[in-house]
Amino acid sequence: LLVLGFKPNKLEARKDYVKTDIFLRINENLEVGVSLKSSTKTSFHQLDRRRLEEWKVLLDMPENIFETFKEAILRVSRNSKSKFILEKDRDEIKEFLTNRLETIIKEIFRKEEESLKILMINDKVKRKIYVFHIDEVINFLIKNAREKLSFSKKGIVRLGDFITIQRKGGNGEHIKIPKTDWRHPGNQLQFKFSPLMFAEYIEREMPIRCCTITY
């Protein structure tokens, strides 16, 4: 914590909120929120999922962009092998997302939880915890996404090297609503993040501060 600018003389922890997994009381006057991501693989993991209507309001999404995303979600719901964002729509989607990257990345990592100050990534295989100042993480990811916003062959949106956007999926048999029904919980917009790829890159290249703990 000292590496990141915090000077603890007393540590206590409690849990609360949505993006904040635990709170650490650093001293009598300071309590900081921690987002904790645990992983055993360098693959992508869910970071945020919610209805497209919520993003429409939050991002002041034009109707044509909303319809493009909705059509993409429903297209994949009908056939999982279908492309998410079609080639004909990619320039328009890229321009829209590029203009709202700061809002998007702040929302998926912090939401409105201003006390959230620390991101911890736990590599369960190496038994190693990476600790970052979340403001630095957010600023780095905005820059990375702005420089490398692209699409996979299946049309999944890549916000840089470490974040993707796609249909949530997960069409469990216990859900009675047809997966092609817009109300189905699988028809949400999902943001995924690769915590170990991110942590290993930061440790190797050091574009932002990072400290590690082995256990």
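Visitor: What makes the crossing of α4 and α5 right-handed or left-handed in this predicted model?

Guide: α4 passes α5 in a right-handed crossing. The name applies because the near helix is turned clockwise from the far one by less than a right angle.

Visitor: Which residues of α4 and α5 make the contact?

Guide: On α4, L101, E102, I105, K106 and F109 take part; α5 contributes I134, I138, L141, I142, A145 and R146. By class, eight residues of this contact are nonpolar, three are charged and none is polar.

Visitor: Why are α4 and α5 called oblique to each other?

Guide: Helix α4 (residues 101-109) and helix α5 (residues 134-148) pack at an angle of about 140°, and their axes lie 10 Å apart. Angles over 145 degrees count as roughly antiparallel, and 65 to 115 as roughly perpendicular. The angle of about 140° falls in neither range, and the two helices are therefore oblique.

Visitor: What makes β4 and β7 edge strands?

Guide: The open sheet has five strands in the order β4-β10-β9-β8-β7, with antiparallel pairing. β4 (45-50) and β7 (149-151) each pair on one side only, and they are thus the edge strands. On average, neighbouring strands of this sheet are turned by 25° against each other, direction ignored.

Visitor: How do you know that β9 and β10 pair?

Guide: Two strands pair if at least two bridges are found between them. Strand β9 (residues 163-167) and strand β10 (residues 189-193) have five bridges, in the antiparallel sense; the requirement of at least two is therefore met. Q166 stands opposite Q190 in β10.

Key: Residues numbered from 1 in each chain as written. Predicted model: local features only at pLDDT ≥ 70, side-chain atom pairs only at ≥ 80, totals over all residues. Heavy atoms only, no water. Axes fitted to C-alpha atoms, helices over the stretch in contact; angles between N-to-C directions. Helix = DSSP H or I, 4+ residues; strand = E, 2+ residues; numbered from the N terminus. Parallel < 35°, antiparallel > 145°, perpendicular 65-115°, else oblique. Contact = heavy atoms within 4.5 Å. Nonpolar A, V, L, I, M, F, W, Y, C, P; charged D, E, K, R; others polar.
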